[in-house]
Number of protein chains: 2
Amino acid sequence: MKCKICKGKAVIKLKRHNIKLCKEHFNEFFIRQVEKAIKEFRMFRRKDKILVCVSGGKDSLVLWLVLSKLGYNVTGMYINLGIDEYSEKSKTKVINFAEKNNLKYIIVDLNELGYPIPELSKKSRRPECSVCGTVKRYYFNKIAYDYDFDVVATGHNLDDEASRLLGNILHWNDEYLEKQLPVLPAEGKMLKKKVKPLIRLTEQEIASFAFLNKVDYILDECPLSVGATSLVYKDALNLIEEKIVGTKQFFYLQYVKKLMNRLEHKNNEKSDIELKNCKICGMESFHDVCSFCRLVSDER
Amino acid sequence: MKCKICKGKAVIKLKRHNIKLCKEHFNEFFIRQVEKAIKEFRMFRRKDKILVCVSGGKDSLVLWLVLSKLGYNVTGMYINLGIDEYSEKSKTKVINFAEKNNLKYIIVDLNELGYPIPELSKKSRRPECSVCGTVKRYYFNKIAYDYDFDVVATGHNLDDEASRLLGNILHWNDEYLEKQLPVLPAEGKMLKKKVKPLIRLTEQEIASFAFLNKVDYILDECPLSVGATSLVYKDALNLIEEKIVGTKQFFYLQYVKKLMNRLEHKNNEKSDIELKNCKICGMESFHDVCSFCRLVSDER
C-alpha cells in the first residue's frame, strides 16, 4: 500500500476520498480539512480568543492540538461532571495532555460547585444526558463570557452531526433541524458564537490521527451514555456508508448548504425573541430564569 | 401468547403497535389499515374501476386479494418482463392465484411485443431497473387508458416507501422528494391516478398476512435487482426500528403529511407544464416523444 502523494509507505486508506496516504500526508490532509471548515463557515479569525471544550476524548483533544499547531490562540476548558471514576480518569488525561503539549486550560469542577450530573439528574428527574447538555452549555457560555473569549469550539465530528441529523429527520424534529449548523452565531453579549471545526472528518479519521500522533485520550465512553439512541443512528449510517461510500458526508454537508441558503433568504424577516438577563445568575437567556438556574434552583 | 382482543391463541406480535393478535383479528387489523389508507388519502371510491399492477410477489397479490374482498372492482395487470425463468414462474403464480380467487386479469407480454427488459437494457445502455421502470409506467398508463380504468394501484409497502424516502433524503434528490406521495393525481386524460393502498403496512406484516391466508406468491426476488441500493436503506431502517420501535412509520407518514400541507399551500401558484401527445404512440407525455418511445425507438 503506497501513499498516493509521495509513494512512501501508506498507513491509512480513506475510502470516501479513494486515496491511501502515509503518516505525513495524512496529517496534512487532516489539518487541511480542519482549515477548510474554519474558512468555509467563517468560524474564527487569527486574532480571536478560542475556548475549546475538552472532555478527554479523542475528538476534543485532537481539535485542541490541531488548532494550537495552526497557531490559534486556544485555551481548553474541562468540566469535571462528577461521574465518579470516569470523570477522574478523563481529567487526568486532559491535564497530562495540556502539560505535554504546553497548552492553557481552565477547569470547572461540578463536584466543588455542588452540581454533579448524577445528583442533578436525580433531583430534577430529568435524563442524565439532557441535564449534562444544559449544564455544559451554561458553563461554555459563562466561562467564555467571564474570561472574554470570542468563540467556543467543540469537537463534534461528521459522524456526530450526520447521525444527529438523521435522528432529527426520522422524527421530524423541526425545531432542531433549523439549528443544526457547524456555526451558531453569538446572541447578545453573553451567549458566544459556537463552532465545530471537525465536521469534515469522520470518527475513524480522528481516531487514526490520534493514534498516529500519540494523542493519549480516554477510551471509555461516558458510562451514563450507554444505549444512547445516537449510537443506533451512527450504526445505521455506517451500514449505508459501507455500501454507498460518501453518503455520510454528502448527506450532512449538502444539508448544511441548503439550510444556510434558506436562512439567508429568511434573514430579512427575522423576528427576534428578545434576550433577557436571568433573574438568578444574570447570564443572558430567552427566559426570565435561565435553563441552568431552573435546573439547579432547588439547591439555591 | 394471547390475542389482545379475543384472548384466543395469538399468531403474531405487532411490535410497533404493541399488540398480539390471533389470525382473525390480525386479518381485521390488516384490512382496516388498507381501508384507512384508502380513505385518508382519498385513493378511490366504490364505483371506480381499479387496475392493480401484479408481479406475482407477496405485496401485489395481497393487495389484489384484499381490494377484491373489500368489494372493489379490481382487475389485475401482469407484465411479463421477459426475464427468463423468473418471469415464467411469476406469471404462473399470478394466473393460478387469479383462477383460485376468481379474479379478472390482463397480461402484457414484453416478449411478444419485442421488448424484453434485458434486451432493452442492452440496446439502450441503461440500467435494467431504470428501463423496467419506464416500461412498466408506460403500460400501467396505456392499459388503464385503453380499458378505461379510473385508477392504477400498486403494492408498495411502508418499507418500500420509507427506504426510498431515506435514500432520497440522504442524497437530497429534491425532484423525487417532491413527488413521494401515496397518491399521485391524474395528469391529462391518459396519465391515470396512481395509488399505494399498502403504505400503512410493513413488509413483515404483509408476508404474515400472505402466509396466514395461503397466498401462494413467488419467493424469489427479481434476479436483475440483486444488490439494489434500496435494500441497503431497508436494512438500515430495520436496524433503527429494532431499537426505536415506530420510527419507520412515523418517518414516512409524517413526511407525507408535511409534504401534502406544503403542496396545498403551493397549489395556487402551480405552473403547469403542458401535456402533449407523443408523436410516435399518441400517449400523453411532457415531451414531444414519450420516455417509452425514446427507449424503444431504435426498434421502430
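**Entry 1: Ser285(B)**

I began with Ser285(B), which is buried in this predicted model, its relative accessible area being 6%. That value counts as buried because the cut-off is under 20%. I located Ser285(B) in strand S10 of chain B, which comprises residues 284-285. I then asked which residues Ser285(B) is in contact with, leaving aside neighbours within four places in sequence. I found Glu274(B), Leu275(B), Lys276(B) and Cys290(B). I also looked up the polar side-chain surroundings of Ser285(B): a polar atom of this side chain lies 2.9 Å from the backbone nitrogen of His287(B).

**Entry 2: helix H9 of chain B**

I turned next to helix H9 of chain B, residues 203-212, and noted which of its residues are buried. These are Glu205(B), Ile206(B), Ser208(B), Phe209(B), Ala210(B) and Leu212(B). Against what do they pack? I found strand S1 (12-14), helix H1 (23-40) and helix H2 (58-69), which belong to chain B. Just after H9(B), I noted a positive phi of about 55° at Lys214(B).

**Entry 3: the two chains**

Finally, I examined how chains A and B are related. A turn of 180° with a shift of 0.0 Å along the axis lays chain A on chain B, with an RMSD of 0.0 Å. The two copies are therefore related as by a two-fold rotation axis. I asked which residue of chain A comes closest to the rotation axis. It is Ala236(A), whose C-alpha lies at 2.4 Å. I also checked the interface: 100% of the interface residues of chain A are interface residues in chain B as well, so the copies meet through the same surface.

Notes. Residues numbered from 1 in each chain as written. Chains lettered and ligands numbered in written order. Predicted model: local features only at pLDDT ≥ 70, side-chain atom pairs only at ≥ 80, totals over all residues. Heavy atoms only, no water. Buried < 20%, exposed > 50% of the residue type's maximum accessible area, 1.4 Å probe, protein only. Helix = DSSP H or I, 4+ residues; strand = E, 2+ residues; numbered from the N terminus. Contact = heavy atoms within 4.5 Å. Least-squares fit on C-alpha atoms with pLDDT ≥ 70 in both. Polar contact = N/O pair within 3.5 Å; in protein donor to acceptor, adjacent residues only side chain to side chain.
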